[in-house]
Amino acid sequence: MNNTSIGVGYEDIRDAVRSLCAEFPAEYHRKVDEERAYPEAFVDALTKHGWMAALIPEEYGGSGLGLTEASIIMEEINRAGGNAGACHGQMYNMNTLIRHGSEEQRKLYLPKIASGELRLQSMGVTEPTTGTDTTKIKTTAVRKGDKYVINGQKVWISRVQHSDLMILLARTTPLDQVKRKSEGLSIFLVDLKEAIGNGMSVQPITNMVNHETNELFFDNLEIPAENLIGEEGQGFKYILTGLNAERALIAAECIGDGYWFVDKVTDYAKERIVFGRPIGQNQGVQFPIAESFIEVEAANLMRFEACRLYDAGEHCGTQANMAKYLAAKASWEAANACLQFHGGFGFASEYDVERKFRETRLYQVAPISTNLILSYVAEHVLELPRSF
């Protein structure tokens, strides 16, 4: 593993996470992938060692760390050959609850999440007909006495089957009754064990990366009014807190993937002898690997800038989007180089390249597509006319 990467601080965190990840070698993750299973033992170990409670303030039983440290945890999981996508939801969902939840909600839930008694892994935003056009969501929440009644549908909602709580975005005021389309949306905390089978149903979606994700249906699901997070109608603003954190964390995971691919193919290119010399002696092999490394390093800088701004409480939407874009692009190019220069062996499961190749491809599409990031920068940074 090369040690020349940017952000070499936080070595105590890196060393500790690497040590834990070493207890779950490639064979473990390979078996989980082959069985289309969930890495339960790995996630439990992360929780037991306190890594899943990194963002929870110390007074609630957590470590009180920032998004920078959380991103390093996610990076190291992927850099070690794992897949932080199995558990990263708890990181970015946490900040929505911490920053916008009431003191009563924080006292009730955060200590249990920190101890591992509860998991907050899931966030219900995306819908089949709206995708990332979030303000157009059709799931509704209607106040009736001391309850809200939820009706609607969500899709690509991950880790529902391995979580206890879900953050849910629903419309509490009809779109045609608000001045701005971002108004009238609210966030709720849903107890999944109570909801499933009592107004909420779950349909798993089989997919190419063994990513536990689902389609959800709400039919008069009743949840207590006290499960509303923050003020009614302000949910879109609140959810951005989690989305910016999510993009920075996904960037970190892609950076971890990028380094894994670069390290893997570099080692292989030194050892693989063809026509009497190592393939890594050929510039046609060297240059794509070197270019991938350069791009991962550059993305790493933007990741740390996005996290720095987030931790300082400053606006970081632009940096979080750019970090996600750069990191996803860099990891995908590194993945292609790694697969290409492994030749046929890159397609063999025992080398883990094909598994990581599939996993990192997801981030060209989710949690926000590359085209939407480009549109965001064009409109909000370059002040070009809005394209949609």
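This is a short tour of a predicted model, with one selection to make at each stop.

**Stop 1: strand β5**

Select residues 185-191, which form strand β5. Are these residues mostly covered or not? Six of the seven are buried, so to speak of β5 as mostly covered is fair.

Now add strand β4, residues 165-171, to your selection. β4 and β5 run antiparallel and are joined by seven bridges. To see one of these pairings, click on Ala170 and then on Ser186, its bridge partner in β5.

Next, add strand β8, which covers residues 228-229. β8 also runs antiparallel to β5, and two bridges join them. Which residue of β8 stands opposite Phe188? Pick Leu228 and you have found it.

**Stop 2: two residues with a positive phi**

Before the next picks, here is some background: most residues other than glycine have a negative phi.

Start from β4 and step back into the loop that links β3 (147-158) to β4, where you will find Arg159. Its phi is near 65 degrees, a positive value, and Arg159 is not a glycine. Is Arg159 buried or exposed? With a relative accessible area of 4%, Arg159 is buried, because the cut-off for that word is under 20%.

Then select Asn210, in the loop between β6 (200-204) and β7 (213-224). Asn210 is not a glycine either, and its phi is positive, about 50 degrees. Asn210 has a relative accessibility of 19%, so it counts as buried too, since the limit is under 20%.

**Stop 3: a cis peptide bond**

Again, a word of background: most peptide bonds are trans.

Go to the loop between α11 (353-361) and α12 (370-381) and select Pro367. What kind of peptide bond joins Ala366 and Pro367? The bond is cis, with omega at about 0 degrees.

**Stop 4: the nonpolar cores**

For the last stop, show side chains. The largest nonpolar core has 58 residues. Try selecting the ones with the most contacts inside this core: Leu46, Ile56, Ile73, Ile77, Met91, Ile113 and Ile167.

Zoom in on Leu46. Which residues does Leu46 touch, leaving aside those up to four places away in sequence? They are Leu20, Trp51, Met52, Ile77 and Cys87.

Finally, look for a second, separate core of 19 residues. To find this core, select some of its members, including Met166, Leu192, Met200 and Ile223.

How values were computed: Residues are numbered from 1 along each chain as its sequence is written. This is a predicted model: local features need pLDDT of at least 70, side-chain atom pairs count only at pLDDT 80 or more; totals for chains, interfaces and linings use all residues. Side-chain values use heavy atoms; hydrogens and water are left out. Buried means under 20% relative accessible area, exposed over 50%, partly exposed in between (1.4 Å probe, protein chains only). Helices (H or I, at least four residues) and strands (E, at least two) are DSSP runs, numbered from the N terminus. Two strands pair if DSSP finds at least two bridges between them. A nonpolar core is a set of buried Ala, Val, Leu, Ile, Met, Phe, Trp, Tyr and Cys residues joined through side-chain atoms within 4.5 Å. Contact means heavy atoms within 4.5 Å.
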